[in-house]
Amino acid sequence: MKTPKPKQWAEQEVRRLVRLARQGVGTSRIAADLGRHAGSVRRMARTLGLLLKK
C-alpha cells in the first residue's frame, strides 16, 4: 500500500499559519484550525522560521 503524498500548503494556509503564530496561538489549535496534523504545522513553521507555542 502506498503512503499518500503530503497535502500541499496553499498560500492562504501559510498566511493564516503566520498570523496565528504571531498571535501566540498554540500548535494544536493552529493544526485544528487548518485541518492539518500538528507535525505538519510544526514542519511548515520551521521552514518559515516561525516559533510556535506548544
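## Salt bridges, core and charge

Colleague: What is the N to O distance where the side chains of arginine 16 and aspartate 33 meet in a salt bridge?
Modeller: A salt bridge here needs a side-chain nitrogen of Lys or Arg within 4 Å of a carboxyl oxygen of Asp or Glu. This one links distant parts of the chain, with arginine 16 in helix H1 and aspartate 33 in helix H2, 17 residues apart. Helices (H or I, at least four residues) and strands (E, at least two) are DSSP runs, numbered from the N terminus. From N to O, the arginine 16 and aspartate 33 side chains are separated by 2.5 Å.

Colleague: Before we go on, what pLDDT do side-chain atom pairs need in order to count?
Modeller: Residues are numbered from 1 along each chain as its sequence is written, and side-chain values use heavy atoms, with hydrogens and water left out. This is a predicted model, where totals for chains, interfaces and linings use all residues, local features need pLDDT of at least 70, and side-chain atom pairs count only at pLDDT 80 or more.

Colleague: Is aspartate 33 buried, exposed or partly exposed?
Modeller: Buried means under 20% relative accessible area, exposed means over 50%, and partly exposed lies in between (1.4 Å probe, protein chains only). Arginine 16, its salt-bridge partner, has 31% relative accessibility and counts as partly exposed. Aspartate 33 is at 39%, so its class is partly exposed.

Colleague: How many residues separate arginine 36 from glutamate 13, a pair that links distant parts of the chain?
Modeller: These two form a salt bridge with their closest N and O atoms 3.1 Å apart. Both partners are buried, arginine 36 at 11% relative accessibility and glutamate 13 at 13%. Arginine 36 sits in the loop between H2 and H3 and glutamate 13 in helix H1, which puts them apart by 23 residues.

Colleague: Why are arginine 15 and glutamate 11 separated by about one helical turn?
Modeller: Their salt bridge has its closest N and O atoms 2.9 Å apart. Arginine 15 is partly exposed at 49%, while glutamate 11 is exposed at 60%. The turn follows because, within helix H1, their spacing is four residues.

Colleague: Which element gives the largest share of the largest nonpolar core?
Modeller: A nonpolar core is a set of buried Ala, Val, Leu, Ile, Met, Phe, Trp, Tyr and Cys residues joined through side-chain atoms within 4.5 Å. The largest one has 14 residues, and those with the most contacts inside it are Trp9, Leu17, Ile30, Leu34, Val41 and Leu50. Helix H1 (11–22), helix H2 (27–34) and H3 each give two or more residues to this core. The largest share, five residues, comes from H1.

Colleague: Which residues gather in a patch of positive charge on the surface?
Modeller: Patches are made of residues with over 30% relative accessible area and no salt bridge, with like charges joined within 9 Å and nonpolar side chains (Val, Leu, Ile, Met, Phe, Trp, Tyr) within 5 Å. One member of the patch, arginine 43, lies in helix H3 (residues 38–48). The full list is Arg42, Arg43, Arg46 and Lys54.

Colleague: How far apart in space, C-alpha to C-alpha, are lysine 54 and arginine 42?
Modeller: Lysine 54 lies in the segment after H3, and at 91% relative accessible area it is exposed. In sequence, lysine 54 and arginine 42 are 12 residues apart, and in space their C-alpha atoms are separated by 9.7 Å.

Definitions and conventions: Accessible areas come from the Shrake-Rupley method with a 1.4 Å probe; for residues, only the protein chains shown count as cover. Lys and Arg count as positive and Asp and Glu as negative; His and the chain ends are not counted. The place of a charge is taken as NZ of Lys, CZ of Arg, CG of Asp or CD of Glu.
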